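I wished to look up how helices pack on one another and on a sheet in this structure. My entries follow.

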Amino acid sequence: MQTTSFKFEAIGTHWQIDIPYNIEAGKRQLILEKIIDLIEDFDKTYSRFRSDSLVTQMAHKKGNYLLPDNAQALMSLYKELYELTDHAFTPLIGQVLVDAGYDAIYSFKAKKMYHPPTWGGTIGYKHPNIFIKKPALLDFGAAGKGYLIDLVSEVLKKEKLEYFCVDAGGDIFYYNKKSEKLRVGLEHPDNPSQVVGVATIHNQSICASAGNRRRWREFHHIMDPHTLTSTHKIKATWVIAETALLADAIATCLFFVGAKKLQKYHFSYALVDENNRLEISKDFLAEIFTK
């Protein structure tokens, strides 16, 4: 399978998008422009790191805001998982992350932290409107990148490509009209130069979450809103699902709740706990090298 690649930096991570090599140069450029415009619009809506984003506006002023047409899937899943995880999976974690030091300037200097507000007390949502009852800093980092991968994938599907692979910082959606599968290494949580196994996907997404990335002091980017600490019982998770939105979100939820609590969703997973024990669902298609 011969490919050509778009490679660029966006939303704080490296992107590589592989498409068939035989696409005419002018069409390739138009596809890339569509993708870059999409990512810019997404970032300008959901980023808490931008002073000009919609999320930043909500952090400073209560009121009614209009979300993009494509926001419904993201918001609906956040609300469902907020309830299923006893409010651990929450977009209202933004100020906690800032106070822990994961702020817009990456100071990594912690200050006094407070428990985040509740969804009902802060957000009123009926698509496409979101009403912010009192200013609050939202953070969509637990599922936003996955959803953006899906949106980029939709752009590529509309181009009727035979195959493509969207990789954003190791979170992947792979599509192929033929039966050829993609093998994806599962990074060792204690040694990024090694893998604990290789998963196989086809017309699916695989997303991972781990505490060894974006770590500072006693914190990493997965914060428990109840304890105001980073979770340490799980080292790493990998989730395969039909969409990157779901795979990304579940990969984070598994740091807070067991897989049985999420069984209404169709996914497979593997995880490594604090004692380096490996837990794998029966339908997680992978070759494991170590246990």
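I noted first that helices H3 and H7 are roughly parallel to each other, a label given to angles under 35 degrees. Their packing angle is about 25°, and the axes lie 11 Å apart; axes are lines fitted to C-alpha atoms, for helices over the stretch in contact, and angles run from 0 to 180 degrees between N-to-C directions. H3 covers residues 72-84 and H7 residues 244-253; helices are DSSP runs of H or I with at least four residues, strands are E runs of at least two, and both are numbered from the N terminus.

I then listed the contact (heavy atoms within 4.5 Å). H3 contributes Ala73, Leu74, Leu77 and Leu81, and H7 contributes Leu245, Leu246, Ala249, Ile250 and Cys253.

I recorded for provenance that the model is predicted, with pLDDT of at least 70 required for local features and 80 or more for side-chain atom pairs, while totals for chains, interfaces and linings use all residues. Residues are numbered from 1 along each chain as its sequence is written, and side-chain values use heavy atoms, without hydrogens and water.

I turned next to the open sheet, whose 8 strands are antiparallel in pairing and ordered E1-E2-E6-E7-E10-E15-E16-E17; pairing requires at least two DSSP bridges between two strands. E1 (3-10) and E17 (278-280) are its edge strands, each paired on one side only. Between E16 (residues 268-273) and E17 I found 3 bridges, and Leu271 has Glu279 of E17 as its bridge partner.

I noted finally that H7 also packs on this sheet, where it touches E7, E10 (204-210) and E15 (234-241).

Terms used:
Angles under 35 degrees count as roughly parallel, over 145 as roughly antiparallel, 65 to 115 as roughly perpendicular and the rest as oblique.
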